[in-house]
Amino acid sequence: MHFAVDLPHFGPFSNPHLVAELAHEAEDAGWDGFFLWDHLNYRQAGLPDPLAVADPWMLLAAIALRTRSIKLGPMVTPLPRRRPWKLARETVTLDHLSGGRLILGVGLGTNFFGEYHDFGEPTDDRGRAEMLDEGLAVLTHLWSGEQFSYEGKHYQLSQMQFLPKPLQQPRIPIWIAGNWPYKKPFRRAAQFDGVFPQMHERALTPEDYPELLGYTYAQRTQTTPFDVVAGGLTSGTDKAQDAERVGAFAQAGATWWLESFDPIQTFEQVRQRIHQGPPRF
């Protein structure tokens, strides 16, 4: 199993210098990845409103320059509110900047904080799902470096060619987020390189993974490696308990553990937990 820090990009974590330094310290402490949320707005009890929010892609660029080996990326970016061709340019540039360390997490996104409605974007789930599928098709074709045109319901591209290609081949890894037990996101994830399962009502447990992974693997037509994400917050002090908890997810099929920090935690609390190291077992 691999272990990553999963950090919001607002409040005290909106400072690119401090976040890049945290990523450097996480690498030194033995973490394998450093991932950021991707929001335009965020509201939560106990946090100021309005909240200072940084652009996650600028933070990721700063992280890439301050680290050497850890994986990095957004967990996750809502592709339907991005221009796929702009994202293609950003991701390839970040892949080159990091020396091939980018993992692209994508999902449908949510309108819970008005991140679609407040900016005049479509809020219909079905329409956004169509945009997500079309966006993935456009993105991966542009990454190929080949001549490409596209005529879809939501996106139309004239014949063009995007260069350079990503360093990572056959492509930058894509992890798809989805809320279980809705099946469509897991059918979508099966076409790519990993799945980031979540639930609306409660946190996932190791007992949930056999069913959702059984369904996902049944949709797979490729034999390439496939990552499975689990996450939560461990103590950092009770090593045995932390290892038992995370080990149960690994036994259930997870390949990555994301130490998912709550936005109300202070910078020093997060830094302390990072220095305690990942919950290896």
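Which side chain makes a polar contact with the side chain of threonine 234? It is that of arginine 273, at 2.8 Å. Keep in mind that this is a predicted model. Threonine 234 sits in the loop between β10 (227-232) and α7 (239-252). With a relative accessibility of 6%, threonine 234 counts as buried, because the cut-off for that label is under 20%. Leaving aside residues up to four places away in sequence, threonine 234 touches Asp242, Arg245, Val246, Trp257, Glu259, Arg273 and Pro279. So much for that loop; now the sheet.

**The sheet**

Nine strands make up an open sheet with parallel pairing, and their order is β3-β2-β1-β11-β10-β9-β8-β5-β4. At the edges you'll find β3 (71-74) and β4 (77-78), each of which pairs on one side only.

Take the β3 end. Strand β2 (residues 33-36) runs parallel to β3, and four bridges join the two. Leucine 36 has proline 74 in β3 as its bridge partner. To get from β2 to β3, the chain passes through helix α2 (residues 56-66), and this β-α-β crossover is right-handed.

Elsewhere in the sheet, β5 (residues 104-107) and β8 (residues 174-179) run parallel as well, joined by three bridges. Here leucine 104 stands opposite isoleucine 174 in β8.

**Salt bridges**

How many salt bridges does a search of the whole structure find? The count is 18. Here are three pairs, with their N to O distances.

| Residue 1 | Residue 2 | N to O distance |
|---|---|---|
| arginine 68 | aspartate 28 | 3.8 Å |
| arginine 82 | glutamate 90 | 2.2 Å |
| aspartate 193 | arginine 171 | 3.0 Å |

Start with the salt bridge between arginine 68 and aspartate 28. Arginine 68 is in the loop between α2 and β3, while aspartate 28 belongs to helix α1 (residues 16-28), so this pair ties together parts that are 40 residues apart in sequence. Both ends are out in the open by the numbers: arginine 68 is exposed, with a relative accessible area of 57%, and aspartate 28 is exposed too, at 52%.

Next comes the pair of aspartate 193 and arginine 171, whose side chains meet in a salt bridge. This one also links distant parts of the chain, with aspartate 193 in the loop between α5 (184-189) and β9 (194-198) and arginine 171 in the loop between β7 (156-160) and β8, 22 residues apart. Is aspartate 193 buried or exposed? Aspartate 193 is buried, because its relative accessible area of 14% falls under the 20% cut-off. Arginine 171 is partly exposed, at 22%.

As for the salt bridge between arginine 82 and glutamate 90, arginine 82 is buried, with a relative accessible area of 14%.

There is a network to look at too: salt bridges link Glu25, Glu268 and Arg271.

**Cis peptide bonds**

Most peptide bonds are trans. Which peptide bond has omega near 0°? The bond from methionine 75 to valine 76 does, and it is cis. Valine 76 lies in the loop between β3 and β4, and those two are the edge strands of the sheet.

Another cis bond runs from glutamine 169 to proline 170, with omega near 10°. Proline 170 is in the loop between β7 and β8, where arginine 171 of the salt bridge with aspartate 193 is found as well.

Terms used: Residues numbered from 1 in each chain as written. Predicted model: local features only at pLDDT ≥ 70, side-chain atom pairs only at ≥ 80, totals over all residues. Heavy atoms only, no water. Pairing = 2+ DSSP bridges. Right-handed = clockwise from strand over helix to strand, strands pointing away. Salt bridge = Lys/Arg side-chain N within 4 Å of Asp/Glu carboxyl O. Buried < 20%, exposed > 50% of the residue type's maximum accessible area, 1.4 Å probe, protein only. Polar contact = N/O pair within 3.5 Å; in protein donor to acceptor, adjacent residues only side chain to side chain. Contact = heavy atoms within 4.5 Å.
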